[in-house]
Amino acid sequence: MRHLLSTADLTREQAVRILDVAEDMADVATREVKKLPTLRGRTVVNLFFEDSTRTRISFEAAAKRLSADVINFSAKGSSVSKGESLKDTAQTLAAIGADGVVIRHSASGAPAVLAANAWIDAPVVNAGDGTHEHPTQALLDAFTIRRRLHGAGARGRSLDGVRVVIVGDILHSRVARSNVWLLATLGAEVRLVAPATLLPLGVRDWPVEVDLHLDDALTTNPDVVMMLRIQGERMRDAFFPSAREYAREYGLDEERLGRLRADTMVMHPGPMNRGLEISAAAADSARSVVLDQVANGVSIRMAVLYLLLSGAEEGIA
Amino acid sequence: MSVLVRGATLPDGTRTDLRIEDGRVAEPGGSADRVIDADGLRLLPGLVDLHTHLREPGFEQSETVLTGTRAAAAGGFTAVFAMANTSPVADTAGVVEQVQALGDQHGYATVRPIGAVTVGLAGEQLSEIGAMASSRARVTVFSDDGKCVHDALLMRRALEYVSTFDGVIAQHAQEPRLTEGAQMNDGPLAARLGLGGWPAVAEESIIARDVLLAEHVGARLHICHVSTAGSVEVLRWAKSRGIDVTAEVTPHHLLLTEQLAESYDARYKVNPPLRRDEDVLALREALADGTIDIVATDHAPHPVEAKEAPWDEAAFGMVGLESALSVVQAAMVDTGLLDWSGVARTMSLEPARIGRLTGYDEPFAVGARANLTLVDPSATRTFGTEHLAGRSVNSPYLGRTLPGRIVATIHDGYPTVLDGEVLPADQVALAAGVRRG
């Protein structure tokens, strides 16, 4: 694989391999010198057409720990905001000598378009495209789950039989899509929970179970409960009547938190709306692995950049 | 100039020689300045497109009347109806007369301007329908195509008002609220690709409303680019009730499906969107049984930069004039669903009748205006930009193998295409000038 565009493209072996390399990368973070020389002299461009400080600094930290040079290209205040096309931007980056492109874009498929055209001949990493996918988020989620379950013995393992409940705006969530394909590939049992307005058409053909009520899903003894960010403005488009009603029906409040096992993981891709989809009690509880997710994001992104750019192996093999 | 087409096969299968003199089909026998050997070729009536975007005035970087009618000739068309969504919009007599005059001057095809239903396509106030109908352009078809006349009361009034002039409303059936942010067919594939869905019901509900309105006020209605199996069912029901409705399907909706969106290649982005396999099959069946009356191209040229972009940001539309007959042959003729008489009916006679374009009812009769298309159905070609003759190259068929090839097009008695080559503009304009006298 030359690019990372969708988790649906990954085989089980490839996915496990990425997680294993990420374990190696996580070990680096515990050393006094948190840096590998692997990508010295190579240039990674973070091409962000959509604001996302969290994802950008995670990729930036990952590239720098691999000793790559990093160029941050943000659409705001740049030539892009003056009407420059994706094509011209890509050709500019090619002329500068980019060895890898990390792209975040509000249009679904923009990374695929970049990868399919001859504008730039470099590996493309999808850092979130529209309502399509966010593959490195799913990989870091899988990594976090595997690490929490198996600790030092995680290497080589899949997620067979792990029960994951994903709650919220599945319809608009690229995180949910990437997680569904990846977790299913890794053998996890995925359960999606949302009101009918926020479920995609055809979701019942996805490799998941579907619940319309959070309380039903919580009776299935989940190992992981992943809360998705809900955008308050969705109610203006009549996806639900009010933020309060959403929080009451689909929010992980203190009472629901109390029904979970002590070792059930609570996850959130961030940024959180405390008091809406997740209560402060849940976000700050011992079950929460939200900060682990952030830390692991750097390890996963190091692994992906290493596998795609180092030339040490044939891409993600 | 006189032309003899020797040994052509007519749509009904009979072989004949056909002589053209002074712009008309002449008695057989007698001399000819030029002989076209039509052995093994089908002679069709000149094709008529009820739905073309010529883009002039206002969007000349995409197409002009000259380049668009050149593309029409290359595709075997001798008449095109030019949609109103130009800039300025074709909502006054001045604009439609200008477009018509450009068509006459260039001569590649008869250009019949379509007038906007509402001022500026804004859907608020009727445009000067009467002035356009009685102008030199004699507009008979009115459409806000690109936008739906979605206000039910305005649609009712438009249907009633154009009937005063024996005109017809060509409705772009798209419920606007249900299609906000729509990018492709709404369904499981759109959900997986993360692209905004364009649900079939947004088309079907407008068609259902409008056939009932047409019945209520006793007016004639035409539905543009029908794209779903459900729309076919509504039309079948409406026709069974005797409602005066006609409908068109585009070549691309007869051949291509939504699966092509998986590449995120915006060449396949079109409005209404490509649909499912079962829709394609239902549309083919409906065209064969007459539920859908005609094929219309919805030829929609766009500059390269409008398509070399992420899907959400790219323009809707495909060029279609040059490939239309090949695609219809592939989807309908080679599949055994339609014979060549059916092709002549759905691509010439009926579109001319709906648009009140005279001279197409008996195309091979002595004395008829000679608007003819000669096609080689046995040819196959890998469709490429060299087969396009307009200004834009946003064809979804580039690289595909398509059957059939236009050998000659004769417009108003003079050739616009010979030996498969479009004739030069000055030569065609000269012939058109001679014909006008």
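**Figure 1. Open parallel sheet of chain B.** In this predicted model, 5 strands of chain B form an open sheet with parallel pairing, arranged in the order β9-β10-β13-β14-β15. Its edges are formed by β9 (141-142) and β15 (294-295) of chain B, each of which pairs on one side only. At the β9 edge, β9(B) pairs with strand β10 (residues 168-171) of chain B in the parallel sense, over 2 bridges. Within this pairing, Val141(B) lies opposite Val168(B) of β10(B). Helix α4 (residues 152-163) of chain B packs on the sheet and touches β9, β10 and β13 (221-223) of chain B. The direction of α4(B) makes about 145° with that of β10(B).

**Figure 2. Packing of helices α4 and α6 in chain B.** The helix that packs on the sheet, α4(B), also packs with helix α6 (residues 200-217) of chain B, at an angle of about 45° and with the two axes 10 Å apart. The two helices, α4(B) and α6(B), are therefore oblique to each other. Their crossing is right-handed. From α4(B), the contact is made by Ala152(B), Met155(B), Arg156(B), Leu159(B) and Glu160(B). Helix α6(B) contributes Arg209(B), Asp210(B), Leu213(B), Ala214(B) and Val217(B). By class, the residues of this contact comprise 6 nonpolar and 4 charged, with no polar residues.

**Figure 3. Packing of helices α2 and α11 in chain A.** Helix α2 (residues 53-65) of chain A packs with helix α11 (residues 290-309) of chain A, their axes being 8 Å apart and the angle about 55°. Helices α2(A) and α11(A) are therefore oblique to each other, and their crossing is right-handed. On the side of α2(A), the contact involves Ser58(A), Phe59(A), Ala61(A), Ala62(A), Ala63(A) and Arg65(A). The partner residues on α11(A) are Gly297(A), Val298(A), Arg301(A), Met302(A) and Leu305(A). The contact of α2(A) with α11(A) contains 7 nonpolar, 2 polar and 2 charged residues.

**Figure 4. Contact between chain A and chain B.** This contact draws 19 residues from chain A and 16 residues from chain B. On the side of chain B that touches chain A, the most is given by helix α5 (residues 188-193) of chain B, which supplies 3 residues. The residues on this side of chain B fall into 8 nonpolar, 3 polar and 5 charged.

Technical notes
Residues numbered from 1 in each chain as written. Chains lettered and ligands numbered in written order. Predicted model: local features only at pLDDT ≥ 70, side-chain atom pairs only at ≥ 80, totals over all residues. Contact = placed C-beta atoms within 7 Å. Helix = DSSP H or I, 4+ residues; strand = E, 2+ residues; numbered from the N terminus. Nonpolar A, V, L, I, M, F, W, Y, C, P; charged D, E, K, R; others polar. Axes fitted to C-alpha atoms, helices over the stretch in contact; angles between N-to-C directions. Parallel < 35°, antiparallel > 145°, perpendicular 65-115°, else oblique. Left-handed = near helix turned anticlockwise from the far one by under 90°. Pairing = 2+ DSSP bridges.
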